[in-house]
Amino acid sequence: MAVATLRSVLRCEILLPLFETCRLRDLLCFSSSVDAAAAVCGTASPDPHFMVEYLVNSCGFSPSEAAKFSKPLAHLRSTEKPDAVVNFMRSQGFDGAGIRKVISLRPIYLCCNVEKNLAPKFQFLRDLGLSESDIVDAILKNNAILRHDLHRSFVPKLEVWESLLGSRELVFKHLKKTGWFFFSSVEKTLHPNLKFLRDECGIPEERLSLVLRGRPQLMSQKPESLRALVARVEELGMPRQSRMFIWTLKVFHKVSKERFEAKVELMRSFGWSESEFSSAARKGPTFLAMSLDTVRRKMEFFINVVGYDPSLIASQSNLLQFSLQKRVIPRFRVTEMLKSKGLWTRQYKFAWILCLSDTKFMEKFVLPHKENVPELLDILGVAGTCKGNDTFHLASEDEEGLS
């Protein structure tokens, strides 16, 4: 009996300090200022509708949205911090819709310390030369800017991407469009990927930079995913040392295995062999990223209207990169019109004609005949003036059917 009593006393002596320690930790956690930690350590608000009403009345959320986004804010006892955050964001150019978007992505931003957390980041972005609207666009696309530590995370990544893309302006250009590429780990992702592409694949940084300017996400994917992508390109028979290797890698990054296989089946239906497909992809991989419908319509036009053999198209797969509506069909109609008028003096290859710039095409095939065959200008949809030196503009060329 005495032994049991002694054990009970000892247990209490041991557990009491532990209980007091946990209680003290909870109290400290509750009283600490700002952060997401408060959402974990804080207690629920006495009024469950407190933040719901705030989000409706002050931010413009619907009641159902406010009920959803208020849950991480249940520890708040006043509107002091949310008011400070909302007022600060308004002062920085955010409208109501922009503020709601930021809050909906991460409601705990309403607990930020404006002076210590938000204001320095906005000032840093201004010091880099971004305008107020630029900063708003960048943050709406990359709310992680508000979450990541300025000096330990944002600045190192900015320096790496500035080096990869060649200029700070290009970094911010992409940040304003989509920035999930930007916050990949420097140590775990960016440096290993750069080392792999540069040292193992032999791709010069200058060439790599050119590709990344159009698709920085290529570098921000997981290293194992990048290696798998390289393996897919090599299956086409393309050596890593080829100048087209990195460009094909860029295309493959947008094209899943399923879409690739569907493209193989489509070209097989036109009579391409497996070797012809691989050869065409190595020479002009752009068509791999086009929709099936776009490629089908181009192949049908070249085969059924122009009269090309499928094998010829495979050997000149760059033909598939041209816009069917804005270049191929109008130029074909011009050549047909010249033939019908007996003005076709040389047998230029149509493939060569397609490769001419707008200016060269106008000089060789349109301007010499504009008086006798004015219909040529109508075919091309040309706008121009005839005062002194002629100035003509063709419809702009846009990449067609890419997704």
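This is a short talk on helix packing, aromatic rings and charged side chains in one protein model.

Before anything else, the model is predicted, so please keep that in mind throughout.

I will start with helix α13, which covers residues 205-214. Which residues of this helix are buried? They are R207, L208, S209, V211 and L212. For those new to helices, an α-helix has 3.6 residues a turn, so residues three or four places apart point the same way. The buried residues of α13 pack against several other helices: α10 (150-165), α11 (168-177), α12 (186-200), α14 (217-220) and α16 (245-254).

One of these partners, α14, contains Q217. Is Q217 buried or exposed? Its relative accessibility is 11%, and buried means under 20%, so Q217 counts as buried. Leaving out neighbours within four places in sequence, Q217 touches T178, W180, F181 and H253.

Next, the aromatic rings. A pair of rings is described by the distance of the centres and the angle of the planes. The count for this model is 19 aromatic pairs. In one of them, F252 and F260 are 5.4 Å apart, centre to centre, with 55° between the planes, and the pair is tilted. Both partners are buried: F252 has a relative accessibility of 3%, and F260 has a relative accessible area of 14%. Now take F302 and Y308. Their ring centres are 6.1 Å apart and their planes are at 5°, so this pair is stacked. F302 and Y308 are both buried as well.

Rings can also gather in a group. F124, F154, W161, F181, F182 and F183 make up one aromatic cluster. You have met F181 already, as a contact of Q217.

Rings also meet charges here. Which ring does R331 lie over? It is the ring of F361, and R331 is 4.4 Å from the ring centre. In a second case, the charged end of R106 sits over the ring of Y109, 6.0 Å from the centre.

That brings me to salt bridges. How many are there? The count comes to 13 salt bridges. I will go through a few.

D134 and K176 form one, with the closest N and O atoms 3.0 Å apart. D134 is in helix α8 (residues 132-141) and K176 is in helix α11, so this bridge links distant parts of the chain, 42 residues apart. K176 is partly exposed, with a relative accessible area of 30%.

D358 and R327 form another, at 3.7 Å from N to O. D358 lies in helix α23 (residues 358-366) and R327 in helix α21 (residues 324-340), so the pair ties together parts that are 31 residues apart in sequence. The two ends are not alike in exposure: D358 is partly exposed at 24% relative accessible area, while R327 counts as buried at 10%.

K370 and E371 also form a salt bridge, with their closest N and O atoms 3.1 Å apart. Here K370 is buried, with a relative accessible area of 18%, whereas E371 counts as exposed at 65%.

Finally, salt bridges can join up. Which residues are linked in a network of salt bridges? They are R198, D199 and E205.

How values were computed: Residues numbered from 1 in each chain as written. Predicted model: local features only at pLDDT ≥ 70, side-chain atom pairs only at ≥ 80, totals over all residues. Heavy atoms only, no water. Buried < 20%, exposed > 50% of the residue type's maximum accessible area, 1.4 Å probe, protein only. Helix = DSSP H or I, 4+ residues; strand = E, 2+ residues; numbered from the N terminus. Contact = heavy atoms within 4.5 Å. Phe/Tyr/Trp six-rings, centres within 6.5 Å; stacked < 30°, edge-to-face > 60°. Lys NZ or Arg CZ within 6 Å of the ring centre and 35° of its normal. Salt bridge = Lys/Arg side-chain N within 4 Å of Asp/Glu carboxyl O.
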